[in-house]
Amino acid sequence: MTLAGSKRETPIRGMLALVFFVALVVRVLNLMLSPLSIDMVLVEDAPIYWDGAGVLLDHSVFGRIVASGAIIPETERVPGYPVFLAGLRWLFSDSLPAILFAQGVLDSLTCLMIAVIGAQVSRSLALLAGLSAAFWVNLIIHSAMILSDSLFLFFMTAMLAAAAHFLRTASLGSVALAGLSLGLALATRSAAQFLPFLMLPAAIGVPLYRLRGATVAAIAAVLFLVLSLLPVSPLVYRNLTQFDTVAMSSQTGTHLTGWLVPLVRRAADGTPRALGAAELRKSIEQRIESEGLLEADATPFQRSAVLRH
């Protein structure tokens with residue numbers, strides 16, 4: 001790999017290797033100094049991902065086990081991280097240190113790609129960006145947790161790196177990689193759901209600006225859009241056929257009532273988030289029952305819509 005835009009095409013492989021090595025050492029040290037028991041690691045949303053990965057391994061379905069023992073479709077999360085975690089659980093026999101080490105390697109690759117993006121400008125910026133990412137506290141902490149943050153950021157960074165190369169070269173390979181990376185990020189977190197359509201004009205415009213022609217522009221647009229939507233198409237198909245919606249998850253209502261509103265209340269009057277969320281949920285359930293807002297067989301997406309209002 002060389003540094004684009006310099007007077008001399010300066011090799012930066014050594015610098016990228018340094019960024020990766022430093023990032024990995026920092027993450028390994030963090031793991032060595034952290035308690036790695038199941039009780040300490042499975043906090044916040046982690047049990048949802050851990051159990052979802054277990055259902056995938058044991059039953060080959062994307063779902064969750066309810067109190068009755070039945071398996072119902074998982075609708076509050078998208079499948080990217082549970083699939084990734086299921087692979088690690090199978091590979092490492094549920095060993096938390098090994099699983100989190102593998103996630104640390106992934107996060108170190110993210111730091112390397114951040115350096116690659118910086119290298120589009122200069123070698124010094126590449127080193128600064130890469131080492132900043134290597135020591136960035138949020139990245140270090142999340143790489144040692146059973147949460148989707150590290151995987152999502154890995155795919156988003158890969159998309160940005162490919163997109164940066166596409167801006168310079170208008171190559172079909174770069175736009176294809178950008179689209180696929182974005183699709184995998186979307187399969188990991190639905191928050192990126194509008195990006196395929198927001199970025200589509202660039203997939204058309206860059207080849208035209210680089211004088212590659214209308215045919216290349218059209219192919220680039222199709223490649224980007226198809227590859228960015230392909231990873232989530234099975235999920236959207238399931239939700240459309242089973243729940244009559246093209247929404248990827250039913251998490252919006254739960255997130256609003258369990259996090260956003262209680263956090264606003266905590267800032268206003270000091271009520272702990274967990275207590276505020278419990279009180280709000282109880283109030284909403286009472287209103288749903290008294291006003292008959294939901295049928296007994298309401299889908300999770302219908303319930304989410306009621307919670308939002």
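How are α1 and α6 oriented relative to each other? The close-ups below, all taken from a predicted model, begin with this pair of helices.

**Close-up 1. Helix α1 beside helix α6 in the predicted model.** The axes of helix α1, which covers residues 13-32, and helix α6, which covers residues 123-134, come within 9 Å and cross at roughly 10°. Since angles under 35 degrees count as roughly parallel, α1 and α6 are therefore roughly parallel to each other. On the α1 side the contact is made by Met15, Leu18, Val19, Val22, Ala23, Val26 and Arg27, and on the α6 side by Arg123, Ala126, Leu127, Gly130, Leu131, Ala133 and Ala134. Sorted by class, the residues in this contact of α1 with α6 are eleven nonpolar, one polar and two charged.

**Close-up 2. The largest pocket and its lining.** This pocket has a volume of about 720 Å³, and of the 28 residues that line it, Asp45, Glu76, Arg77, Gln251 and His255 are the closest to its centre. Helices α3 (46-59) and α13 (251-269) each supply at least two residues of the lining, and α13 gives the most, with seven residues. The lining of the largest pocket divides into ten nonpolar, ten polar and eight charged residues.

**Close-up 3. The second largest pocket and its lining.** Here the volume is about 270 Å³, and among the 15 lining residues, Ile72, Thr75, Glu76, Ser250 and Pro300 lie nearest the centre of the pocket. Strand β2 (71-73) and helix α15 (300-308) each supply at least two residues of this lining, with the largest share, four residues, coming from α15. By class, the lining of the second largest pocket has six nonpolar, four polar and five charged residues.

Terms used: Residues numbered from 1 in each chain as written. Predicted model: local features only at pLDDT ≥ 70, side-chain atom pairs only at ≥ 80, totals over all residues. Heavy atoms only, no water. Axes fitted to C-alpha atoms, helices over the stretch in contact; angles between N-to-C directions. Parallel < 35°, antiparallel > 145°, perpendicular 65-115°, else oblique. Contact = heavy atoms within 4.5 Å. Nonpolar A, V, L, I, M, F, W, Y, C, P; charged D, E, K, R; others polar. 1 Å grid on protein atoms, 1.4 Å probe; cavity = no way out; pocket = protein on both sides within 12 Å on 5 of 7 lines; lining within 4 Å. Points joined across faces, edges and corners; volume = space filled by probe spheres on them.
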